[in-house]
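Hi,

Here is the structure I promised to pass on. Have a look at it first, and my notes follow below.

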Amino acid sequence: MGDEDWEAEIIKPHMSSYVPVFEKDRYSSGANGDTFNRTPASSSEMDDGPSRRDHFMRSGFASGRSMGNRDAGESNKRENTSTMGGFGVGKSFGNRGFSNNKFEEGDSSGFWRESNNDCEDNQTRSRGFSKRGGYQDGNDSEASGSSRRGGRGSFRGCHGGFGLGSPNSEYEQDEGTQRTGGLFGSRRPALSGTGNGDTYQSRSGSGSGRGGYKGLNEEVVTGSGKNSWKSDAEGGESGDTQGPKVTYIPPPPPEDEDSIFAHYQTGINFDKYDTILVEVSGHDAPPAILTFEEANLCQTLNNNIAKAGYTKLTPVQKYSIPIILAGRDLMACAQTGSGKTAAFLLPILAHMMRDGITASRFKELQEPGCIIVAPTRELINQIYLEARKFSFGTCVRAVVIYGGTQLGHSIRQIVQGCNILCATPGRLMDIIGKEKIGLRQVKYLVLDEADRMLDMGFGPEMKKLISCPGMPSKEQRQTLMFSATFPEEIQRLAGEFLKSNYLFVAVGQVGGACRDVQQTILQVGQYSKREKLVEILRNIGDERTMVFVETKKKADFIATFLCQEKISTTSIHGDREQREREQALGDFRCGKCPVLVATSVAARGLDIENVQHVINFDLPSTIDEYVHRIGRTGRCGNTGRAISFFDPESDSHLAQPLVKVLSDAQQDVPAWLEEIAFSAYVPGFSGNARGNVFASVDTRKGKSTLNTAGFSSSQAPNPVDDESWD
Ligand SMILES: Nc1ncnc2c1ncn2[C@@H]1O[C@H](COP(=O)(O)OP(=O)(O)OP(=O)(O)O)[C@@H](O)[C@H]1O
C-alpha cells in the first residue's frame, strides 16, 4: 500500500464554504514517483463500514451518555484545606482489572504504511491489537494526512491565500528546523528533510537559522539590543527584513451594546458546578463568596455583570475573586469553560475602579496597570473582548495587541491610552522594545493558560518579561495564573513569578477533563481515519464540530478533503494569515462552516457558542492538550461530545493518562485502552511522555502526584509540535 494521492483527491473541492483550494500542479507527485491511493474515502474503503458503525454506536456516539460501569464507591477523596460541595469522583482506573492477556502483536489488519508521513513517524507495520471492546480497523487501505514524499511541502492552499505560498520550495514550520536540532523533544522524530529535494523555508521566515531562541511553536526570536523581541510575523516592521511585511489590520471591536454583551446561555449542568470539590491551599486564604453582591463591586461593574447574563458565580469565581480582591497572588486551576476569565477580570477591574483610575489619554509611552498574556492571538482577542465588556461604561481602556497584525496598528491602539494591555508574548516584547509600553505601573500580571505560558515554548519570554527594566518585582505586583491544567514542573517554575505566600485554588481534579463532555475513544488506524471522520460528520449533521489534527499541513489537507466530501469546512492553524484565521473563526462561529479543522493553536481557551463536538482526528502529544481540546465543547454547564481516534501505533504513550482522565471524569474506559495502558505500565515509571500525567495538588504540599498508575509527573511539557503562536 502506497502513500495517498493528494493530487487525485483534491481536484474538485466543494465550494460552498470558505474552502481551501489546492492547485493541482502545486502538489504533484514528487520525484520519488510514489503512486498513491486514489480511492475516494467514501467508496470501497467503506466496505467494513457496517461493523464499524455497529461499534461506533456501541461506543456511545449518537447514543445517550453512558456513565460506564464505574464503581461509585471508589470516590476520589481529597485532602483538603477547605472544601465545598463534594462529589465523589469515580476513580476507576483498572476497575475491570487488567487482563493478563497481552495484546497480540503481528502484521495483521493490513496496517501497512510505506510512506514517511510528516504527521506520522512510523514506518512500521501496525500491530494487530486485540479487538476486544474497541474499534479495530480492518482492511486499512487508506493513508491519511499529509504524506511526505518527493515534493513534500508542495501541498499548498492557494485560494484566498489559504496555504503556504510557493510550492516545492517551502520549509514547513511543522516539519523542518523546528524539529531538527532537538531543541525540544517531540514524539515525532526530527525530520531531516533530506532526500526529497525540498528546500525549506518558512513563510514567516521563522526558525530559519537566525539563531537565538526559537521556541518550537514560536514566531518569536531573541536577538540583542533594544528590539530584541521580534515577532516574525511582523516582518520588516521590527527592523527585521525577513518575511513579508504584515499589513493586516483587524476589524475594530463592536461598539453597540448588544454585541458587546452578546453571550450564550449557561447549560443544564451549570448548577452542578456547585457540587465540585474545591481545594484552596496556602495560608490565610480569604473565605469564598457565594454571590456577586458579596464581592462588593461598584455599580457599573454589577450592571455589566448583569448585562453579560451572569447571575451566579462559578466555583473558580467564588474563590478567586476574594483572593484577588485581598491582593494575594494566585494560581488557579479549574476545568475548561468554567469562567476563569471573569474570575480575574472582575476583581482587577474592581481594584482599578476603587483606586480611582482616571481616563487614559494620548501618550507616546503608555503605562498600563495590568498586563494579560495568553498564548494565542484568538484567545487574547477573546480576553480583550471580555475586558471591554466588563469595563463598559468605565474609564478603563483595554487594548489588545497580537502577532500577525500590523505593528503600526498595535502602536496606534496603545498610544491612545492603555490601562489593561492584552497581548501575545511576541508582540508584547516587540512593543516594549519600541518603548511604547512602560512597565513601572504594572500592578497586575495575568498569565492565562499559565502552564502553557511557562513551558519551554513561552517560559523564557515570560522570564524576560518579568526581568524587563521597570517591571515591578513580584513583591510589588500581583501575579495571577489561570489554567485548566498545571503540571507539577510548571507549578514549580511558577514560583519564580509568584510571591511565596501565593494561594492555590484547585476546582475539581487539577488537569481533569470537564465532566460535561462525553468522551469516546475509538481505535482507528491512520489509514482509516478519514473515512471514519466522514462517517461521524455525516451522522452529526450541521452541529458545530472542531476537528483537531496534529500538523498545519494536515489541517489544510483534511479541510480540503471534507470540502470535497461536501461538508462545509474551514480551518485554522499557524500557517494561515491572521486575516484568514479570523475569517475561519468567524465562519465557524456563525455556523457558515459548521466544521473547523484546527491544530492545537485552537486548543486552548476559545469560547465558541454551540460547539457540540470535538473530534481528535489525531490525538495530541500530551494529555493536558487533550483536556484543553475537548474543553472547546461542554462549556459553561452545556454538554458536549468528544471523539478521539486512538492509533496504537502512535498514541500508546497516551493510554495511561487517557485512562485516568476518562476514569476521573466518570467516562467509559474501553477495555482495549486499559490493555494498552497496562502493557505500557512500568512500576515506578517516571513518565517521559510530555505532560502525560498531571498534578493533583498544590506542589508546595510536597506530595507526589496522585496518579493512579503510580508514575510521577513528567518533564515540562512541550505540548505542540507544530504551531506558530505569538
Ligand atoms: N458566572 C457566570 N455566569 C454565566 N456565564 C458565565 C459565568 N462565568 C463565565 N461565564 C461564561 O462561560 C463561558 C466560559 O468562560 P471562560 O471562557 O472564562 O472559561 P475558562 O474557564 O476560561 O475556559 P478555558 O479553560 O477553556 O479557557 C464564557 O462564555 C463566559 O462568558
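**Around the ligand**

The ligand is surrounded by 21 residues (each with a heavy atom within 4 Å of it), and the closest are Y310, K312, K340, T341 and D607. Keep in mind that this is a predicted model, where local features need pLDDT of at least 70, side-chain atom pairs count only at pLDDT 80 or more, and totals for chains, interfaces and linings use all residues. Residues are numbered from 1 along each chain as its sequence is written, and side-chain values use heavy atoms, with hydrogens and water left out.

The shell holds 4 nonpolar, 10 polar and 7 charged residues, where Ala, Val, Leu, Ile, Met, Phe, Trp, Tyr, Cys and Pro count as nonpolar, Asp, Glu, Lys and Arg as charged, and the others, Gly among them, as polar. Domain 1 (257-507) and domain 2 (517-679) each supply at least three residues of this shell; the bounds come from an automatic or database domain assignment.

Oxygen atoms of the ligand sit 2.5 Å from a side-chain N or O atom of D607, 2.6 Å from one of Y310 and 2.8 Å from a polar backbone atom of G337. The protein covers 96% of the 640 Å² of accessible area that the ligand has on its own (Shrake-Rupley method, 1.4 Å probe).

One more spot to look at is E550, in the loop between β12 (544-548) and α14 (552-564); helices (H or I, at least four residues) and strands (E, at least two) are DSSP runs, numbered from the N terminus. E550 counts as buried because its relative accessibility is 3%, and buried means under 20% (1.4 Å probe, protein chains only).

Cheers

Definitions and conventions: A polar contact is a pair of N or O atoms within 3.5 Å; within protein, one must be able to donate a hydrogen and the other to accept it, and residues adjacent in sequence count only if both atoms are side-chain atoms. Buried means under 20% relative accessible area, exposed over 50%, partly exposed in between (1.4 Å probe, protein chains only).
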